[in-house]
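Work through the exercises below with the model open. Try each task before reading its solution.

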Amino acid sequence: MKTRKSTNIVSKRLERSYVSKLGYYGLIAMSALLPERLSAEVAAANNIIGLDEVIVTARKKAEVLQTTPVAVTAFSGAMLESLSASQLSSIGEFTPNMEFNVGEGGSASQANIYIRGIGQSDFLISSDPGVGIYVDGIYYARTLGGVLDLLDVERIEVLRGPQGTLFGRNTIGGAINIVTQRPGPETEGLVDITVGQFNRLDVAASAQSTVIEDKLFFRVSGTSNNRDGYGERLTDGVKTGDIDSSSGKLSLLWQASDAVEVLATVDGTRKREEALPTSLVRVEPGVSILALYNTLIAGPSGLPIDENIILDNPFESYASAQSVNDLDVWGAGITIDWKINDILSAKSITGYRELDVAFSFDMDSSPYPYADSYRVSSQKQFSQEFQLAGEHDRLSWVGGLYYFYEKGQENISQDVFGGLYDLIGLDNSIRSQTDIQARSYAIFGQAVYSLTNSVRFTIGGRYNYDKKNTTLFGQRPYSGVITLDNVTREDSWGAFSPKVGLDYQVNDDIMIYANVARGFKSGGFNGRAGDGAALQAYGPEYVWSYETGVKSRWLDDRLEINITGFYNDYKDIQLLSAMPDPSNPDGADLIIAVDNAGEATTQGFEVEVQARPVSALNIFGGLGYTKAKFEKINPGVTAVNLNSKFVDTPEWNIFGGLQYELVFGNAGSLVLNADASYKSGLYRDVSNSPELYQNGYALVNARMTYIAPSANWEIAIFGTNLTDKRYIHKGVGLANSIGFTTANFGRPREWGAKVRYHF
């Protein structure tokens with residue numbers, strides 16, 4: 001991460017501020033609990049080094065985090081390493097009011113992200129995310145493929161709250177802005193080798209150098225991650241939950257002139273894995289269709305679908321469906337920066353990406369084809385953004401144009417109540433194809449005007465116009481009945497997303513701010529429609545967000561405390577639900593719908609703390625509180641009511657960690673890391689299934705790294721989920737409709753060791 005040491009001089013304020021003195025003596029008192037060497041350093045003020053200033057691009061320009069009036073959590077590449085984070089989903093443990101899970105629909109590559117109670121869990125290609133992912137300025141439109149390997153990352157910025165003005169549609173909950181390492185003139189590189197539990201073997205490498213002196217530089221990086229599965233299917237011995245992933249990236253940086261810079265990148269990822277472990281947690285054998293299935297098929301086989309096939313080990317099951325979790329994705333981007341003059345600069349960001357995903361899901365986790373699915377999705381997207389930025393006197397601004405196009409297809413093979421057709425002619429299985437096309441156009445701008453030397457006023461807006469069409473074909477595979485014969489629907493939506501803000505720099509170390517912003521998530525179509533009548537558009541969802549915060553530093557930059565409060569007025573919430581067809585009393589048909597369910601409010605606060613009481617010790621922590629409540633339910637919506645709890649929205653999340661470095665002179669140094677996170681109880685499905693309620697739980701991780709005196713090489717040992725906590729991270733609750741509820745549990749305790757060599 002790019003940093004610069006603070007140049008603020010605050011020692012005189014320590015003498016004047018009673019609060020600061022209390023904090024200072026508090027740190028000294030705390031040092032009594034630490035090793036003698038550390039206590040001595042605390043006592044010696046000249047050995048205390050303050051926190052570095054972090055540079056972020058949360059407002060489309062480089063700014064110091066502490067003077068950026070936006071709620072942002074920033075992770076440097078070094079911090080991600082200290083947290084033993086190998087995938088993007090790891091940041092969910094250490095961001096206030098953020099929930100980042102995988103596994104919806106059985107895919108380990110699907111990103112299920114919520115911030116402040118707002119997001120989207122549906123992985124279908126016809127659904128849009130509620131939290132946008134951007135890599136080097138390029139939007140990743142699908143949640144499938146969103147669980148990225150952390151390859152050569154410089155920093156990650158999590159922007160909480162709607163980011164519609166600068167980042168666009170589908171950032172109604174927030175945005176994740178990923179910045180990767182850029183090529184440079186130095187010739188350098190590194191190689192990592194990691195081994196560990198489940199026969200883990202990960203290899204990562206990166207290198208950069210100069211092609212043409214002062215003109216052209218390159219950087220290449222790649223990783224191969226391999227682990228055996230931590231789950232097992234007792235029916236066939238397949239080890240589920242394995243990792244078999246390879247990624248690579250090539251970047252070229254061309255300094256065309258003193259004013260023009262061109263960055264070109266190409267990247268790709270390939271995964272060939274088994275399905276995620278799925279655990280059966282509830283069976284309702286009295287449901288009519290399940291009772292019929294047990295009577296005719298499962299019972300005569302000697303192992304009916306009942307409580308006896310619920311296993312104590314959540315990583316074991318009797319699943320028997322196809323076991324697949326494959327991913328192929330690649331993309332290319334070109335970013336051109338042009339410094340026109342001392343006032344104006346321009347930027348062009350062009351991106352193209354292709355995605356192919358195949359995954360299976362044994363929804364009932366039984367030995368029978370009672371509810372099994374296999375899905376193949378493909379998607380292509382192109383995006384183009386033009387920015388023009390300026391800064392003159394008291395005014396700075398950025399504006400631009402944006403275009404996005406995508407085309408995709410999803411093929412679903414779903415066996416439901418398999419075998420009943422041969423016996424009684426009941427065919428509820430489906431083979432379907434969904435084709436989508438979407439175009440989005442936007443114009444945006446944001447200006448910041450300094451009313452005084454310490455007060456700034458921000459105003460911005462974005463107008464988005466989206467146009468989508470979808471075509472569905474559906475057929476019952478055994479009877480041959482066509483349920484949808486290439487039925488096509490088309491619709492469009494336009495929305496204005498304004499923002500107004502005011503910030504006040506109280507002094508060199510304290511800033512307070514307030515923002516009002518509107519967020520917008522595009523409408524769409526129900527990709528699971530059972531017939532043409534159900535293939536109707538649902539509208540966009542909107543939120544008005546009111547946010548205020550304070551960013552502060554204390555004790556000669558040794559302590560940083562950022563606090564944010566928010567209130568969201570959330571309307572036309574898009575919810576996916578599954579329910580029995582009331583016209584079919586035997587429960588043989590499900591109605592799966594996407595509704596604009598109603599209105600809600602979410603409110604809460606966030607606190608983030610960092611401290612460096614002495615040069616050897618870094619401490620971080622934070623907490624988030626969200627109270628989410630449905631205020632109105634639209635007519636006809638049955639999946640939720642006014643007492644329903646928001647899915648994937650814990651009321652509290654708390655986290656913290658520390659890093660301490662022991663220096664042994666010519667013998668090198670030892671870096672110790674420990675962290676923990678806690679989330680209060682939450683529901684894992686929209687319908688609030690009791691079996692998918694996860695009680696509050698904590699995760700604990702630790703890491704120890706030895707760094708050689710030359711700093712050319714290091715070795716680390718680490719452990720994740722050290723208490724081996726069993727916790728549900730996703731699930732499907734269909735107990736009251738077709739008789740079962742299944743859950744996916746988080747990874748168990750794991751250990752590993754890494755060797756790194758720099759050159």
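**Exercise 1. Place Leu234 and decide: is Leu234 buried, partly exposed or exposed?**

Solution. Start with the chain. Leu234 sits in the loop between strand S15 (231-233) and strand S16 (239-240). The model is a predicted one. Next, take the relative accessible area of Leu234, which is 39%. Buried requires under 20%, and exposed requires over 50%. Leu234 is therefore partly exposed. Now list the contacts. Beyond residues up to four places away in sequence, Leu234 touches Leu311, Glu316, Ser317 and Tyr318. Finish with a distance. From Leu234 to Gly494 is 51 Å, C-alpha to C-alpha, with their positions 260 residues apart in sequence.

**Exercise 2. Describe the surroundings of Glu157. Is Glu157 buried or exposed?**

Solution. First, the element: Glu157 belongs to strand S10 (residues 153-160). Second, the accessibility: its relative accessible area is 0%. The cut-off for buried is under 20%, so Glu157 is buried. Third, the polar partners. The side chains of Glu157 and Arg155 make a polar contact of 2.6 Å. A polar atom of the Glu157 side chain also lies 2.9 Å from the backbone nitrogen of Thr57. Fourth, the wider contacts. Setting aside residues up to four places away in sequence, Glu157 touches residues including Ile55, Val56, Thr57, Ala175 and Ile176.

**Exercise 3. Find the largest nonpolar core. Which of its residues touch the most other members?**

Solution. The core has 28 residues. Those touching the most other members are Leu88, Ile91, Phe100, Ile133, Ile156, Ile176 and Ile178. Now trace the strands. At least two residues each come from strand S5 (98-102), strand S6 (111-115), strand S8 (131-135), strand S9 (138-140), S10 and strand S11 (174-180). A second, separate core holds 23 residues, among them Val287, Tyr293, Tyr368 and Val416. Why look for such clusters? Nonpolar side chains tend to be buried together in soluble globular proteins. Close with one member of the largest core, Ile178. Neighbours within four places in sequence aside, Ile178 contacts Leu88, Ile133, Leu148, Val153 and Ile156, among others.

**Exercise 4. Trace the pairing of S22. How many bridges join S21 to S22?**

Solution. Begin with strand S21 (residues 325-339) and strand S22 (residues 344-362): 15 bridges join them, and they run antiparallel. Four residues separate S21 from S22, and the two strands form a hairpin. Check the register: Lys339 is opposite Ser345 in S22. Then move to strand S23 (residues 371-392). S22 pairs with S23 over 19 bridges, also antiparallel. Here Gly351 faces Ser383 in S23.

Notes. Residues are numbered from 1 along each chain as its sequence is written. This is a predicted model: local features need pLDDT of at least 70, side-chain atom pairs count only at pLDDT 80 or more; totals for chains, interfaces and linings use all residues. Side-chain values use heavy atoms; hydrogens and water are left out. Two strands pair if DSSP finds at least two bridges between them. Buried means under 20% relative accessible area, exposed over 50%, partly exposed in between (1.4 Å probe, protein chains only). A polar contact is a pair of N or O atoms within 3.5 Å; within protein, one must be able to donate a hydrogen and the other to accept it, and residues adjacent in sequence count only if both atoms are side-chain atoms. Contact means heavy atoms within 4.5 Å. A nonpolar core is a set of buried Ala, Val, Leu, Ile, Met, Phe, Trp, Tyr and Cys residues joined through side-chain atoms within 4.5 Å.
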